[in-house]
2 protein chains.
Amino acid sequence: MKKLINSAESVVTDTLAGMAEAHPDLRIDLAQKIVYRRSLPTPGKVGLVSGGGSGHEPLHAGFVGHGMLDAACPGEVFTSPVPDQIIEASHRVDGGAGVLHIVKNYTGDVMNFQMAAELCAEEGVEVGTVLVNDDVAVKDSLYTAGRRGTGATLFVEKITGALAETGAALGEVARIAGQVNARSRSFGIALSSCTVPAAGKPTFELGDGEVEVGIGIHGEPGRARVPAASARELARVAMDAVNDDLPLSGDVLVMVNGMGGTPLMELYVVFAEVAAYLREKGATATRSLVGNYVTSLDMQGFSVTVCLLNDELTRLWDAPVQTPALRWGR
Amino acid sequence: MKKLINSAESVVTDTLAGMAEAHPDLRIDLAQKIVYRRSLPTPGKVGLVSGGGSGHEPLHAGFVGHGMLDAACPGEVFTSPVPDQIIEASHRVDGGAGVLHIVKNYTGDVMNFQMAAELCAEEGVEVGTVLVNDDVAVKDSLYTAGRRGTGATLFVEKITGALAETGAALGEVARIAGQVNARSRSFGIALSSCTVPAAGKPTFELGDGEVEVGIGIHGEPGRARVPAASARELARVAMDAVNDDLPLSGDVLVMVNGMGGTPLMELYVVFAEVAAYLREKGATATRSLVGNYVTSLDMQGFSVTVCLLNDELTRLWDAPVQTPALRWGR
């Protein structure tokens with residue numbers, strides 16, 4: 001294993017230290033491992049807290065800032081954050097309008113966020129929760145009861161973030177979060193495994209001519225191993241899986257996401273195929289992202305996430321956002 | 001070789017097709033392979049044209065837009081653009097104030113941009129040229145007489161782009177371009193080779209425990225192969241090389257750049273070390289970028305680029321920019 005790290009033990013703290021140096025708009029509690037906006041709380045605004053295992057950067061810490069999250073709680077690599085982190089973050093971002101927890105559907109995350117929400121409630125912090133479960137690849141998985149949460153997490157964070165800035169109430173922010181999740185689907189394909197620093201070797205082995213279809217963001221198994229194929233064919237496999245679950249039509253928001261080790265060039269090649277597929281189905285990619293947003297360490301491959309837009313969601317997507325990894329419009 | 005492409009022959013066109021779908025603010029001539037801003041020329045504004053081999057995405061096409069380039073001319077992978085592309089782009093972006101060519105110092109690029117500039121001049125388009133040669137690793141290289149141009153190209157494009165928006169004359173825009181180059185240095189380290197699609201195999205072989213110090217962005221050799229080491233040690237090797245050439249002090253702009261296959265997490269770990277190194281030298285990273293900006297296909301590794309700031313350069317760096325890969329402040 002060759003990685004740009006100092007040690008497997010310190011990699012999360014070292015990452016956060018680098019983020020603190022690079023992004024003066026963030027306030028980072030290195031001891032507790034919590035990433036905040038610089039000035040908090042915002043009185044009358046619903047606080048948005050997300051979190052999950054590290055190794056998916058820029059998710060979630062890279063999405064903290066105006067128009068998106070108020071705080072992110074990174075766990076160790078591929079490991080849930082602990083309830084104490086989530087409780088501390090929730091207290092600190094609560095401006096009196098309550099807090100929404102945005103939780104990817106993995107057993108550990110669900111359990112720890114639930115425990116934190118209960119303790120927050122006892123201490124008088126109102127908490128709502130949205131579970132993100134957009135990945136159509138598998139019904140249950142190694143880490144999940146039900147579908148996994150992947151790329152739609154970014155959509156939920158962006159769109160609820162925009163709504164929360166308007167002063168909307170917790171119930172309304174939670175409603176839109178649920179709506180974005182319900183209208184979103186994802187599917188991923190890996191060309192290679194990832195290597196967890198503490199493990200020191202690839203999580204799984206793929207042959208020279210094989211790809212893993214329906215891969216999870218921790219390297220957990222997907223639907224099948226199939227022969228490597230062209231970008232066109234692989235994009236079609238992913239989009240067929242999405243379209244079988246949620247027929248595509250109208251205006252859609254699409255993300256072609258790199259898994260961490262995939263060059264941008266290849267992601268654009270995939271995006272061209274995804275856009276062509278959508279046209280074939282009578283849908284249009286009116287909003288899009290192409291890049292590394294919800295990654296799996298050094299894995300090579302891509303995932304595609306679509307969300308069926310309506311006027312409200314489009315307007316909220318377009319609203320200003322100022323975070324390390326997503327910024328526009330101000 | 002596993003890559004998300006349709007064929008080695010079509011990879012550049014397919015990439016540009018994806019960019020055209022994803023970025024409606026760009027106008028992309030797929031036949032000539034030129035990426036433009038949507039509306040051109042801007043009367044009275046110096047036109048900025050850059051270009052070079054593909055495989056370094058988002059450089060250069062991802063930097064076309066308000067506050068940065070007017071047009072980019074991508075060549076085939078790791079191959080210079082042809083004079084016809086550059087001439088066509090220069091004509092189209094000329095709003096009567098002339099055109100600046102921003103050229104990375106590689107033999108093919110220098111030759112083709114020079115030929116294009118001469119033909120433009122004959123046709124009445126005034127052209128200035130800045131050669132970027134920031135990489136301190138080697139004096140001459142496989143592709144270069146003199147130093148290679150790498151990360152500072154982004155700095156030159158951003159800062160001259162901001163100045164050109166103010167209506168500054170060609171001589172002034174060329175002067176600032178030269179100043180940015182003169183005040184900038186880079187150094188890169190590879191953990192792995194890249195694989196050129198048409199070659200189908202890695203450009204070079206690195207042992208399990210080896211890194212290539214002073215790597216070029218086409219996988220051309222650097223200074224030495226040394227045993228793999230911690231992020232702290234590798235950051236120090238890179239920064240020492242930079243500091244030996246240009247003593248670091250005062251406010252600096254720093255980019256920790258991924259080579260294409262490196263996770264963001266690792267780049268932040270390196271950035272923390274770079275920031276600490278700067279403090280040790282009495283310098284401060286007052287502006288920074290961390291991410292994949294000047295890549296080498298799927299190579300794993302990083303480069304660091306620093307620019308000694310002054311008030312003028314800081315102001316121009318902070319000016320609004322709206323491109324696919326760099327956007328802030330509007």
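Start with the open sheet in chain A of this predicted model: six strands line up as E9-E8-E7-E12-E10-E11, and the pairing is mixed. At the edges you'll find strand E9 (224-227) and strand E11 (283-291) of chain A; each has a single partner strand, so one side of each is left without a neighbour in the sheet. Go from strand to neighbouring strand here and, ignoring direction, the turn averages 20°.

Now look at the E11 edge of chain A. Strand E10 (residues 250-258) of chain A runs parallel to E11(A), and eight bridges join the two. If you want one pair to click on, try A:Asn257, whose bridge partner in E11(A) is A:Gly291.

Next come the helices that pack on this sheet. Helix H7 (residues 264-280) of chain A touches E10, E11 and strand E12 (301-308) of chain A, and its direction makes about 170° with that of E11(A). Helix H8 (residues 311-318) of chain A also packs on the sheet, touching E10, E11 and E12 of chain A, but its direction makes about 25° with that of E11(A).

Staying in chain A, turn to the hairpin of E1(A) and E2(A). Strand E1 (residues 26-29) and strand E2 (residues 34-37) of chain A run antiparallel and are joined by four bridges. Within that pairing, A:Ile28 sits opposite A:Val35 of E2(A). Four residues lie between the strands of this hairpin, and A:Lys33 takes a positive phi near 60°.

One more stop in chain A is helix H3 (residues 107-122), which is where A:Met115 has its place. Is A:Met115 buried, partly exposed or exposed? With a relative accessible area of 40%, A:Met115 counts as partly exposed, because that class lies between the 20% and 50% cut-offs. Together with A:Met111 and A:Leu119, A:Met115 forms a nonpolar patch on the surface, and the accessible area of the three comes to about 260 Å².

Over in chain B, there is an open sheet of six strands in the order E1-E2-E4-E3-E5-E6, with mixed pairing. Its edges are strand E1 (26-29) and strand E6 (127-132) of chain B; each pairs with a single strand, so one side of each has no neighbour in the sheet. The average turn between neighbouring strands of this sheet is 20°, direction ignored.

At the E1 edge of chain B, four bridges connect E1(B) with strand E2 (residues 34-37) of chain B, and the two run antiparallel. B:Asp29 has B:Ile34 as its bridge partner in E2(B). Finally, helix H5 (residues 170-182) of chain B lies across strand E3 (47-54), strand E5 (99-104) and E6 of chain B, running at about 5° to E6(B).

Definitions and conventions. Residues numbered from 1 in each chain as written. Chains lettered and ligands numbered in written order. Predicted model: local features only at pLDDT ≥ 70, side-chain atom pairs only at ≥ 80, totals over all residues. Heavy atoms only, no water. Pairing = 2+ DSSP bridges. Axes fitted to C-alpha atoms, helices over the stretch in contact; angles between N-to-C directions. Contact = heavy atoms within 4.5 Å. Patch = residues over 30% accessible without salt bridge, like charges linked within 9 Å, V, L, I, M, F, W, Y side chains within 5 Å. Areas by Shrake-Rupley, 256 points an atom, 1.4 Å probe, with all protein chains shown as cover. Salt bridge = Lys/Arg side-chain N within 4 Å of Asp/Glu carboxyl O. Buried < 20%, exposed > 50% of the residue type's maximum accessible area, 1.4 Å probe, protein only.
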